[in-house]
Amino acid sequence: MANDYDIAVIGAGVGGLNAAIAAARHGARTMIIDMLGAGGQVINVDRIDNFPGPAEGMSGFELGPMLQMQADEAGVEFALDTIETISKTDTGFRVAGADLDLTAGAVVIAAGSAKRTLGIPGEAEFEGRGVSHCASCDGPLMRGKDVCIIGGGDSALDEALALVPHAARITVIHRGFHLTASAALQTKAREASNIEIKLNTIAIAISGEGGVSAITVRDLSTGTESEIPCHGVFVYVGLEPNTSFLGDTVTLAADGRIVVDLDMQTSMPGIFAAGDIRARSVAHLAASAGDGVTAAICAVRHLAERQGNTQQAEPRFAVVAPAG
């Protein structure tokens with residue numbers, strides 16, 4: 001029986017979109033499925049500097065549609081759904097979601113990650129009422145107000161810098177002795193007159209009435225607790241991979257990410273992974289794009305090999321020969 005599609009791509013972020021584009025351009029019938037739409041979480045990023053493009057950077061709102069347009073032109077089909085299971089079939093895989101049910105010869109998993117929460121009192125209570133994960137979305141609401149950023153990586157400082165034109169004071173709170181963001185972002189943050197950085201400090205509670213009015217922090221060196229008045233708390237403390245739907249279909253690393261080889265193939269032949277959902281990803285958009293292209297081309301080769309083993313005919317895919 002023929003599959004509905006040659007390749008199903010789960011996730012329409014940068015990794016997934018580049019995988020779908022590469023697969024379609026190599027002749028594969030390709031479907032990409034995402035619960036949010038093209039661009040994924042990057043759509044809310046105000047300025048992207050870790051992806052090739054203009055020297056002044058670009059916004060996620062620009063990058064997502066640009067990649068979607070390329071995918072459309074390549075012949076990729078799109079569907080909005082939340083994938084719930086992937087199961088093996090005689091000819092490939094069944095991919096089932098809340099509404100969608102299709103078969104594909106190979107699957108590329110690029111479902112990305114979800115933002116990790118702090119798990120402290122007040123965080124869930126004030127979600128959307130001062131607690132946010134998108135400074136570029138909610139920054140204008142904080143005009144002239146004091147805000148706190150929790151985290152010390154690239155995302156935290158990117159969003160702190162996005163708040164500079166809006167907030168009166170921005171306090172970056174990081175549990176480590178050193179920020180983990182790139183040197184360029186650290187320099188920009190330290191040069192901003194309204195950004196203050198508190199290291200070796202953790203947030204332990206968020207308080208207010210009707211909205212956020214303060215955050216309680218603890219100095220890890222002294223154990224001293226203090227309260228910082230603020231109207232917004234923006235949380236960027238890492239990511240959790242969206243792998244819960246996989247069950248034991250593929251091997252996962254200790255951190256929940258998918259173990260892959262150099263071809264981006266998982267422990268299940270025919271299933272590939274790309275982007276920050278895979279183990280040992282550097283979690284940069286440029287790297288995710290490269291993962292996606294590698295996964296797609298290797299998926300096409302996998303299908304061509306299978307087709308060659310079952311039919312005495314030339315594979316219909318435009319397979320790129322390995323370099324060298």
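In what order do the strands of the open sheet of five strands stand, and in which sense do they pair? In this predicted model, the order is S8-S15-S9-S10-S11, and the pairing is parallel. S8 and strand S11 (195-198) stand at the edges with a single partner strand each, so one side of either strand has no neighbour in the sheet. Helix H4 (residues 154-163) packs on this sheet and touches S9, S10, S11 and S15. The direction of H4 makes about 165° with that of S9.

The overall composition gives the setting for this sheet. The secondary structure of the protein comes to six helices and 17 strands. The protein has 324 residues, of which 50% count as buried. Among contacts between residues at least 6 apart in sequence, 58% join residues at least 24 apart.

The five-stranded sheet can be followed through its individual pairings. Strand S8 (residues 131-132) is joined to S15 by two bridges, and the two strands run parallel. Within S15, phenylalanine 234 stands opposite serine 132. Strand S9 (residues 146-150) also runs parallel to S15, to which four bridges join it. Here cysteine 148 has valine 233 of S15 as its bridge partner. S9 pairs in the parallel sense with strand S10 (residues 169-173) as well, over five bridges. In S10, the bridge partner of cysteine 148 is threonine 171. Cysteine 148 thus has a bridge partner in S15 and another in S10.

Which residues of strand S15 (residues 232-235) point one way, and which the other? Gly232 and Phe234 point one way, whereas Val233 and Val235 point the other way. All four are buried. Two residues of S15 already met in the pairings are therefore buried, namely Val233 and Phe234, by the criterion of under 20% relative accessible area.

Helix H5 (residues 183-191) offers a view of burial in a helix. Its residues Leu185, Gln186 and Ala189 are buried. Seen down the axis of H5, these buried residues fall within an arc of 100°, so they line one face of the helix. In general, an α-helix has 3.6 residues a turn, so residues three or four places apart point the same way. The face of H5 turned away from the buried side carries the exposed residues Ala183 and Glu191. The cover over the buried residues of H5 includes H4 and S11. H4 is the helix that packs on the five-stranded sheet, and S11 is one of the strands at the edges of that sheet.

A further open sheet consists of three strands in the order S12-S13-S14, with antiparallel pairing. Its edge strands are strand S12 (201-208) and strand S14 (225-229), each of which pairs on one side only. Neighbouring strands of this sheet are turned by 30° against each other on average, with direction ignored. Five bridges join strand S13 (residues 212-219) to S14, and these two strands run antiparallel. Threonine 216 has glutamate 227 in S14 as its bridge partner.

Aromatic rings remain to be considered. How many aromatic pairs does the count give? With the ring centres required to lie within 6.5 Å, the count comes to zero aromatic pairs. A charge does, however, sit over a ring: the charged end of lysine 88 lies over the ring of phenylalanine 93, 5.1 Å from its centre.

Conventions
Residues numbered from 1 in each chain as written. Predicted model: local features only at pLDDT ≥ 70, side-chain atom pairs only at ≥ 80, totals over all residues. Heavy atoms only, no water. Buried < 20%, exposed > 50% of the residue type's maximum accessible area, 1.4 Å probe, protein only. Pairing = 2+ DSSP bridges. Phe/Tyr/Trp six-rings, centres within 6.5 Å; stacked < 30°, edge-to-face > 60°. Lys NZ or Arg CZ within 6 Å of the ring centre and 35° of its normal. Axes fitted to C-alpha atoms, helices over the stretch in contact; angles between N-to-C directions. Contact = heavy atoms within 4.5 Å. Arc of directions from axis to C-beta.
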